Amino acid sequence: MAAYSRPPHLVFCGSHAGISIGEDGSSQMGLEDVAMFRAIEGSTVLCPADAVSAERLTEMAADRAGIVYLRTTRPKLPILYDGNDSFPIGGSKTLRSSKQDAVTIIASGVTVAEALAAHEALAKRGIAVRVIDAYSIKPIDREMLARAAQETRAILTVEDHRSEGGLGDAVAEALPTPIADPAPGRARHPAFRHGSPAARPARHFPPRHRGSSGRADRLERDGFGTKLNRALNF
Amino acid sequence: MAERGAQPQRLARASTSPKNPAYRDLAYVEPLMGPHTVAILAEKTYGALIDHGRIDDTATTGLDQAMQDLEELQANGIDDLRVTDELEEINLQKFGGSIDALQTGVSARQNQGSRGQTEQTLRSEAQRLRRLVIRMTNAAGSGHPTSCMSAADIVAALFFHTMRWDPRDAKARDVDSFILSKGHAVPLLWAALSEAGAIDDDPMTLRRIDSRLEGHPTPSQPWVKIATGSLGQGLSAANGIALANRLDGIDASIYCLMGDGECAEGSVWEAAEFASSNSCPAWSPSSTSMRWARAARRGNGTTPGAYARRFEAFGWNAVEIDGHDMGAILDVLERAGRTPGQAPTAIIAATIKGKGVSFLEGKEGWHGKPLDKDQMAAALAELGEDGPRATVEPRRLGLQTPPAAQAPKSITIDYPRDKPVATREAYGHALTKLGALRGDIVGIDGDTMNSTFAELFAKAYPQRFFEGYIAEQNMAGIGLGLAGQRQDALCRDLRLFPDARRGFHPHGGL
């Protein structure tokens with residue numbers, strides 16, 4: 001009933017969210033939280049990737065009207081930003097980019113550091129990838145997505161959540177021309193290993209890559225998912 | 001003037017007992033004695049004077065020294081006129097509230113003389129409400145008339161007698177609060193507001209798509225602060241309102257009308273636990289009215305007595321009454337919840353669903369059903385013609401001026417690049433920094449504060465921190481109550497930061 005009560009300011013901070021709680025086990029990961037809070041009318045969902053953005057987003061949350069969900073995590077994460085950097089709600093941070101980017105990796109929270117590690121690993125193999133920190137999952141940075149869809153050949157999201165309603169869905173919904181048929185391409189993690197439906201995705205690939213033998217498909221053939229998994233320490 | 005018989009004016013001094021225990025007990029008595037002055041002494045101070053005081057003409061001696069002291073203060077930049085002006089202003093505000101309370105007490109005493117008359121008027125009002133909800137739900141073609149009829153006596157007593165509120169101002173903060181936790185009885189709320197002249201909306205527009213009188217309460221109607229009807233949540237919101245009142249220094253009562261059915265919800269008992277365990281001296285009393293109707297039918301042992309024992313086990317005062325006996329209702333409402341610091345009161349009111357109409361009273365199959373035209377005619381005939389309408393005497397509790405809004409400043413963030421930090425910890429740091437910049441940040445924790453680092457905030461701002469323990473539905477409800485209450489009159493924003501733990505599932509609350 002919270003949304004219908006229209007609170008002027010109400011910030012929920014969920015901590016220890018996601019798979020990075022590790023040893024506590026799969027039942028303790030809260031892998032539905034982003035979907036739950038995204039579904040609330042007029043809500044805001046924020047997921048910081050480091051301590052600097054966490055602090056600034058806590059401050060931004062305080063000024064945001066309505067219900068805000070701030071997702072924080074347990075492990076210590078590398079500092080990515082300067083104290084003076086700004087994190088407007090509805091924005092994103094492009095952490096790695098070049099004119100040669102084949103793929104855009106969109107991450108948030110703990111997966112940002114992992115995406116950066118993947119960037120390094122792929123760079124060694126001569127594959128340039130763009131890395132985006134989508135700290136604002138709702139509203140999501142549509143301009144950034146439109147640019148990524150235009151400038152790179154595929155968009156890959158790295159999810160710390162059930163595939164239903166998480167970052168991947170937020171990105172897919174906001175892409176200029178989402179497509180419906182699934183294709184491989186999303187990294188999976190242990191929380192989805194047991195009895196979970198087959199990896200979906202591909203709604204995340206812009207139409208011109210459908211069924212193509214572009215870089216994204218080759219990445220998949222080359223076992224990109226496996227390598228990314230390894231990069232993510234799974 | 002004295003020659004013509006006028007009495008000389010005397011200087012009278014009150015507040016002669018020092019509030020600061022470090023001061024001498026006669027600090028405001030001995031140095032201020034003089035001819036034609038009157039000092040009002042508390043018993044303890046008087047005892048001290050008799051025991052070890054020195055009586056002398058001290059007010060008129062040492063004036064030169066006093067003048068010199070004042071000049072020195074002036075020279076040091078302390079403007080004594082400004083100081084006295086400010087003190088005067090503060091005290092006027094303080095005493096304003098006391099005088100209002102005194103006036104309320106006096107008018108209550110006056111009313112006692114005509115108690116029989118009051119009961120008669122309220123009974124008449126309850127019947128008017130019953131007639132109105134039958135007509136409203138008939139016009140709407142849906143709704144829950146029988147759920148309204150059972151609570152009509154209690155609502156009449158609250159809105160037209162007990163509650164201190166102002167029908168002219170939906171945004172008033174310094175008034176008692178009413179939460180209709182059993183939101184499906186909303187025709188009764190709309191009817192009472194209409195009868196009190198608080199709303200202009202035509203009651204017959206109930207449930208229409210373009211009406212503000214929705215089928216369950218939402219803030220579309222400004223008198224509603226919290227959307228209810230998703231049952232079992234009203235008491236949590238009442239907790240939030242109580243905390244908001246405590247933070248704003250408002251000594252108001254909170255009335256939460258619940259149904260017996262919704263007490264199956266676990267959140268009710270989360271809220272009951274929180275309410276009693278937070279009844280520190282500054283806690284605003286909250287009263288819960290419950291009605292009992294269907295327990296016998298359900299046959300699960302939830303008699304009024306069982307509810308009373310449950311609330312008692314959660315640290316409440318529980319009182320059982322006949323919810324249709326106006327005398328008993330007024331008695332219990334007068335006793336309950338007017339003394340700060342006491343445990344919250346659960347009024348277990350045994351009521352009959354559909355009360356007042358023989359073919360509805362306690363009958364099966366009438367939940368959530370309006371009467372058709374013929375049934376309505378029969379019901380209205382049985383209830384009788386409309387009697388006299390009760391009136392509401394607008395009452396306010398008095399509000400202290402809110403502190404001036406602080407200019408929002410930005411927090412300073414500084415982490416060395418080479419040292420990883422958890423985002424949960426950063427959240428705790430940011431919250432504490434925000435707490436220093438803004439008085440309107442309130443934290444509620446779900447028993448995870450050493451994991452979420454909210455303990456940093458808790459230590460720095462204990463007044464603005466509440467521990468909700470592992471009762472997350474209640475925590476969400478408290479947040480709503482707090483946020484809903486403080487949005488208007490004080491014109492300052494509230495930022496709430498309930499901490500959740502992983503796997504947090506406040507579906508009901510959201």
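Is B:L231 buried, exposed or partly exposed? B:L231 counts as partly exposed, because its relative accessibility is 29% and the partly exposed class runs between 20% and 50%. The legends below take this residue and other sites in turn. The model is predicted.

**View 1. B:L231 sits in a loop of chain B.** The loop runs between helix 7 (186–195) and helix 8 (234–247) of chain B. B:K182 is 49 residues from B:L231 in sequence. In space, the C-alpha atoms of B:L231 and B:K182 are 6.2 Å apart. Contacts of B:L231 include B:S181, B:K182, B:G183 and B:H184. B:E262 and B:E265 are also in contact with B:L231. Neighbours within four places in sequence are left aside here.

**View 2. The two chains, each taken alone.** Chain A has eight helices and nine strands. Of its 234 residues, 61% are buried. Chain B comes to 17 helices and 11 strands. Of the 510 residues in chain B, 49% are buried. Now take contacts with a separation of 6 or more. In chain A, 78% of them join residues 24 or more positions apart. In chain B, the share is 75%.

**View 3. Chain A meets chain B through 50 residues of chain A and 58 of chain B.** The area buried between the two chains is about 4,400 Å². Carbon and sulfur atoms give 61% of that area. Three salt bridges are counted between chain A and chain B. One of them pairs A:D63 with B:R438. Their closest N and O atoms are 3.2 Å apart. Across the interface, 13 residue pairs are in polar contact, with both residues at pLDDT 80 or more. Several elements of chain A supply at least two residues each to the side that touches chain B: helix 1 (2–5), strand 1, helix 2, helix 3 (51–63) and strand 4 (76–77). Helix 3 of chain A gives the largest share, nine residues. By class, the side of chain A that touches chain B has 28 nonpolar, 11 polar and 11 charged residues.

**View 4. A:T73 touches residues of chain A and of chain B.** A:T73 lies in the loop between strand 3 (66–71) and strand 4 of chain A. A:T73 counts as buried because its relative accessibility is 2%, and buried means under 20%. On the chain A side, A:T73 touches A:H16, A:A17, A:S20 and A:V110. On the chain B side, A:T73 touches B:A422, B:T423 and B:R424. Residues up to four places away in sequence are not counted.

**View 5. A:H16 has a positive phi, near 60 degrees.** A:H16 is a residue other than glycine. Its place is in the loop between strand 1 (9–14) and helix 2 (33–38) of chain A. With 5% relative accessibility, A:H16 counts as buried. A:H16 is also one of the residues that A:T73 touches.

**View 6. Helix 14 of chain B is mostly covered.** Where does this helix run in chain B? Helix 14 covers residues 423–437. What span should its 15 residues have at 1.5 Å a residue? The expected span is 21 Å, and the end C-alpha atoms are 21 Å apart, so the two agree. Of its 15 residues, 11 are buried. B:T423 and B:R424 are among the buried ones, and A:T73 touches both B:T423 and B:R424. The buried set also includes B:A426, B:Y427, B:G428, B:A430 and B:L431. B:T432, B:L434, B:G435 and B:L437 are buried too.

**View 7. Helix 2 of chain B spans residues 63–75.** This helix has 13 residues. From first C-alpha to last, helix 2 reaches 18 Å. That is close to the 18 Å expected at 1.5 Å a residue. B:G77 follows helix 2 of chain B. The phi of B:G77 is positive, near 85 degrees.

**View 8. Two backbone details, one in each chain.** In chain A, a cis peptide bond joins A:K138 and A:P139. Its omega is about -5 degrees. A:P139 is in the loop between strand 8 (136–138) and helix 5 (142–151) of chain A. In chain B, B:H36 has a positive phi, near 60 degrees. B:H36 is a residue other than glycine. Its place is in the loop between strand 1 (11–13) and strand 2 (37–39) of chain B.

Note on methods: Residues are numbered from 1 along each chain as its sequence is written. Chains are lettered from A and ligands numbered from 1 in the order in which they are written. This is a predicted model: local features need pLDDT of at least 70, side-chain atom pairs count only at pLDDT 80 or more; totals for chains, interfaces and linings use all residues. Side-chain values use heavy atoms; hydrogens and water are left out. Helices (H or I, at least four residues) and strands (E, at least two) are DSSP runs, numbered from the N terminus. Buried means under 20% relative accessible area, exposed over 50%, partly exposed in between (1.4 Å probe, protein chains only). The expected span of a helix is 1.5 Å times one less than its number of residues. Contact means heavy atoms within 4.5 Å. Buried area is the accessible area (1.4 Å probe) that two parts lose on being put together, summed over both. A salt bridge is a side-chain nitrogen of Lys or Arg within 4 Å of a carboxyl oxygen of Asp or Glu. A polar contact is a pair of N or O atoms within 3.5 Å; within protein, one must be able to donate a hydrogen and the other to accept it, and residues adjacent in sequence count only if both atoms are side-chain atoms. Ala, Val, Leu, Ile, Met, Phe, Trp, Tyr, Cys and Pro count as nonpolar, Asp, Glu, Lys and Arg as charged, and the others, Gly among them, as polar.
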